[in-house]
Amino acid sequence: MQAQARSADLYRRALAQFATGITVVTTRTPAGEPAGITVNSFNSVSLDPPLVLWSLALSARSHDAFRHCQRYLVNVLAADQLDLAKRFAARTGDKFEATAWAPTDSGLPRLEGCVAWFECANRSQYEEGDHVILVGRVESFATARRTPLIFHDGRYVTHLVEAPLPPALRPRA
Ligand SMILES: Cc1cc2nc3c(=O)[nH]c(=O)nc-3n(C[C@H](O)[C@H](O)[C@H](O)COP(=O)(O)O)c2cc1C
């Protein structure tokens, strides 16, 4: 049992070596209450059509809200939004009370000050293990020129330093 626990810990540490951005995915419950959760499993699936995915723990309090909603909004956090990452990762408290947000045209909670937003139709779901993968069709998006918040090895990173590359290896603008 101890060996299993240690192996699970090592597995988590290995996964944590993959650096990601951080998002807060928001929606509305059937009763109209705003719901949101901190998520770093967000990624792109397809450009044409524009599809994204993220995975949701079956044990999340907001599980039912996301499983049954028509659409959700992926808010990509900026470096100065660490407090939001922590607040929306908490299992207690009113996440929206102290948060600056406004409803989109379709009523989804849009967090202010983010790097990017992707409004998605809740297209398909695949239950696997202790999570469900949600695939969303991007219906609209927006970006802001800000520095993103990064998550790596259980730590939040707020400064990006560009690698010095010779001209031949630089990505084209
Ligand atoms: C950096 C970070 C990334 C996270 N990514 C995910 C994720 O991709 N999917 C998920 O279900 N939970 C993820 N979580 C955990 C949830 O945010 C956390 O369990 C939260 O309490 C769920 O909220 P709820 O129970 O109110 O729905 C992440 C937490 C942190 C701090």
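This is a walk through one predicted model, stop by stop, with something to select at each.

Before you click: residues are numbered from 1 along each chain as its sequence is written, and side-chain values use heavy atoms, with hydrogens and water left out. Because the model is predicted, local features need pLDDT of at least 70 and side-chain atom pairs count only at pLDDT 80 or more, while totals for chains, interfaces and linings use all residues.

**Stop 1: the long hairpin**

Select residues 116-128, strand E9, and then residues 131-143, strand E10. Helices (H or I, at least four residues) and strands (E, at least two) are DSSP runs, numbered from the N terminus. E9 and E10 pair in the antiparallel sense over 12 bridges; two strands count as paired if DSSP finds at least two bridges between them. For a spot along the ladder, pick Ala121, which stands opposite Arg137 in E10. Now go to the turn: two residues sit between the strands of this hairpin, and Gly129 there has a positive phi of about 60°.

E9 has another antiparallel partner to show, strand E6 (residues 71-76), with six bridges between them. Val76 stands opposite Ala116 in E9, so to speak a handy pair to label.

**Stop 2: the nonpolar cores**

Next, select Val25, Ile37, Trp54, Leu56, Phe66 and Tyr72. These have the most contacts inside the largest nonpolar core, which has 16 residues. A nonpolar core here is a set of buried Ala, Val, Leu, Ile, Met, Phe, Trp, Tyr and Cys residues joined through side-chain atoms within 4.5 Å. Buried means under 20% relative accessible area, exposed over 50%, and partly exposed in between (1.4 Å probe, protein chains only).

Which elements give two or more residues to this core? They are strand E3 (34-39), strand E5 (51-57), E6 and E10. E5 gives the largest share, four residues.

Center on Ile37 and show what surrounds it. Leaving aside neighbours within four places in sequence, Ile37 is in contact (heavy atoms within 4.5 Å) with a list of residues including Val25, Trp54, Leu56, Phe66, Phe88 and Lys95. There is also a second, separate core of 13 residues, and Leu73, Leu84, Ala85 and Cys114 are among them.

**Stop 3: two cysteines**

Select Cys69 and Cys120. How many disulfides does a search of the whole structure find? Zero, with a disulfide taken as a pair of cysteine sulfur atoms within 2.5 Å. For Cys69, the nearest cysteine sulfur is that of Cys120, 9.8 Å away. Cys69 counts as buried at 11% relative accessibility, and Cys120 counts as buried at 0%.

**Stop 4: Arg87**

Jump to helix H3 (residues 82-87) and pick Arg87. Buried or exposed, or in between? Arg87 is partly exposed, because its relative accessible area is 23%. Apart from neighbours within four places in sequence, Arg87 is in contact with Lys95, Ala98 and Thr99. Switch on polar contacts: these are pairs of N or O atoms within 3.5 Å; within protein, one must be able to donate a hydrogen and the other to accept it, and residues adjacent in sequence count only if both atoms are side-chain atoms. The Arg87 side chain reaches the backbone oxygen of Ala98 at 3.1 Å and makes a polar contact with the side chain of Thr99 at 2.7 Å.

**Stop 5: Ser46 and a cis proline**

Select Ser46 in strand E4 (residues 43-46). Ser46 counts as buried at 19% relative accessibility. Its side chain reaches the backbone nitrogen of Asp48 at 3.4 Å and the backbone oxygen of Pro49 at 2.5 Å. Pro49 is in the loop between E4 and E5. Check omega while you are here: the peptide bond from Asp48 to Pro49 is cis, with omega near 5°.

**Stop 6: the three-stranded sheet**

Finish with an open sheet in the order E1-E11-E12, paired antiparallel. Strand E1 (20-21) and strand E12 (155-157) stand at the edges; each has a single partner strand, so one side of each is left without a neighbour in the sheet. E1 and strand E11 (residues 150-152) pair over two bridges, and Thr20 stands opposite Phe151 in E11.

Last pick: Asp153, in the loop between E11 and E12. Asp153 is not a glycine, yet it has a positive phi of about 55°. Asp153 is also buried, with a relative accessible area of 17%. Most residues other than glycine have a negative phi, and most peptide bonds are trans.
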